[in-house]
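The following exercises are intended for a reader who meets this structure for the first time. Each task is followed by a solution in steps.

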Amino acid sequence: MSGLAFRQEPRLDVVALLVDDDDVFLEELAEGLAPLGIRACRAGDATEALALLDSRAEIAVIVVDVGLPRIDGLELIRKLKSRRRERPLPAIVLTGEATLERAVAALRADAVDFLQKPVDASEVAQAIHAAADAAAGLPSNPAGGEPRQKPPQERIGSLMALRKERKKIFGADLFEDPVWEMLLDLANADARGREVPVTSLCLVSGVSTTTALRRIDDMAEAGLVTRRRDLTDGRRVLVGLTDDGRAKVERYLSSLERTLG
């Protein structure tokens with residue numbers, strides 16, 4: 001039964017359009033989003049983004065960098081707003097300079113979220129899923145009932161939000177905990193029946209690749225994770241939670257919820 005705890009309510013992948021003129025950033029973000037339930041399309045500028053939106057009706061959310069060449073990210077959102085009045089597309093804004101003026105401009109353009117770079121895939125995935133759910137009108141609680149216990153996937157999302165706030169307030173290095181950062185991403189992927197590439201885990205760990213790989217070895221030795229070669233791409237190694245690792249994360253999340261109310 002423990003193996004079913006994270007998978008009782010599978011979630012369909014969300015298709016998101018990522019728009020940034022940094023090809024390396026787009027590739028790394030798209031790879032990191034894949035195990036988190038996000039299928040990403042990529043565009044390097046506003047013109048390419050508009051063309052993709054015209055041809056890909058399944059795109060549910062757009063994630064756009066402010067500093068695009070020629071037509072910037074906010075102007076792209078405004079153009080989409082005027083073109084899609086009956087079916088607006090939720091937009092998430094990324095920026096390397098999160099000034100108050102830019103945040104206000106993003107809100108005025110009807111962006112649903114505003115994230116400061118550098119961002120990790122889990123942070124962006126959480127924002128995408130929240131935007132897609134809101135656009136679909138999905139309820140967060142059953143109508144008229146008592147507050148329900150959050151399912152594991154929702155608790156993981158709450159922890160990711162807390163991680164984001166902790167980094168904002170204290171800085172990224174003060175609470176460095178690579179094992180927990182990686183376990184959190186693995187649990188989030190596991191909730192969708194997926195595994196995570198080693199490269200993505202190293203990125204989210206917040207430490208050097210050498211240290212991250214050593215801690216993945218430690219988790220494997222402790223029986224928390226398994227590793228296997230990706231059958232579709234022999235260059236990639238995928239990491240997933242074991243039954244024991246899944247049960248321990250679930251037990252910790254339940255204990256945390258009881259303690260915090």
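**Exercise 1: The antiparallel sheet**

Strands β7 and β8 (residues 237-241) run antiparallel and are joined by 5 bridges. The model is a predicted one.

Task. Determine the order of the strands in the open sheet of 3 strands, and state which strands stand at the edges.

Solution.
1. The strand order is β6-β8-β7, and the pairing is antiparallel.
2. β6 (196-197) and β7 (225-229) each have a single partner strand, so one side of each is left without a neighbour in the sheet. These two strands therefore stand at the edges.
3. One pair of residues illustrates the register: V225 has L241 in β8 as its bridge partner.

**Exercise 2: The parallel sheet and the helices on it**

Task. Describe the open sheet of 5 strands, and establish which strands α3 and α5 meet.

Solution.
1. The strands follow the order β2-β1-β3-β4-β5, with parallel pairing.
2. The edge strands are β2 (38-43) and β5 (113-116), each of which pairs on one side only.
3. On average, and with direction ignored, neighbouring strands of this sheet are turned by 20° against each other.
4. Within the sheet, β1 (residues 14-19) and β3 (residues 61-65) pair in the parallel sense over 4 bridges. L17 stands opposite I62 in β3.
5. Helix α3 (residues 73-83) lies across β1, β3 and β4 (91-95), and runs at about 150° to β3.
6. Helix α5 packs on the sheet and touches β1, β2, β3, β4 and β5. The direction of α5 makes about 135° with that of β3.

**Exercise 3: Two helix pairs**

Task. Decide whether α1 and α5 are roughly parallel or roughly perpendicular to each other, and do likewise for α2 and α3.

Solution for α1 and α5.
1. Helix α1 (residues 23-33) and helix α5 (residues 121-136) pack at an angle of about 65°, and their axes are 9 Å apart.
2. Angles of 65 to 115 degrees count as roughly perpendicular. α1 and α5 are therefore roughly perpendicular to each other.
3. Their crossing is right-handed.
4. L29, G32 and L33 of α1 make the contact with A121, V124, A125 and I128 of α5.
5. Sorted by type, the residues of this contact comprise 6 nonpolar, 1 polar and no charged.

Solution for α2 and α3.
1. The axes of helix α2 (residues 46-55) and α3 come within 11 Å and cross at roughly 30°.
2. Angles under 35 degrees count as roughly parallel. α2 and α3 are therefore roughly parallel to each other.
3. The crossing of α2 past α3 is right-handed.
4. From α2, the contact involves A46, A49, L50, L53 and D54; from α3, it involves L76, K79, L80 and R83.
5. The residues of the contact of α2 with α3 comprise 6 nonpolar, no polar and 3 charged.

**Exercise 4: Confidence**

Task. Identify stretches where the pLDDT is below 50, and explain how low values affect the reading of coordinates.

Solution.
1. The protein averages a pLDDT of 77, and 71% of the residues score at least 70.
2. Over residues 1-10 the pLDDT stays under 50; the model has 22 contacts beyond four places in sequence for this stretch.
3. Residues 139-151 also have a pLDDT below 50, and this stretch has 9 contacts in the model beyond near neighbours in sequence.
4. Where pLDDT is low, the predicted coordinates should not be read in detail.

Notes
Residues numbered from 1 in each chain as written. Predicted model: local features only at pLDDT ≥ 70, side-chain atom pairs only at ≥ 80, totals over all residues. Heavy atoms only, no water. Axes fitted to C-alpha atoms, helices over the stretch in contact; angles between N-to-C directions. Parallel < 35°, antiparallel > 145°, perpendicular 65-115°, else oblique. Left-handed = near helix turned anticlockwise from the far one by under 90°. Contact = heavy atoms within 4.5 Å. Nonpolar A, V, L, I, M, F, W, Y, C, P; charged D, E, K, R; others polar. pLDDT = per-residue confidence, 0-100. Pairing = 2+ DSSP bridges.
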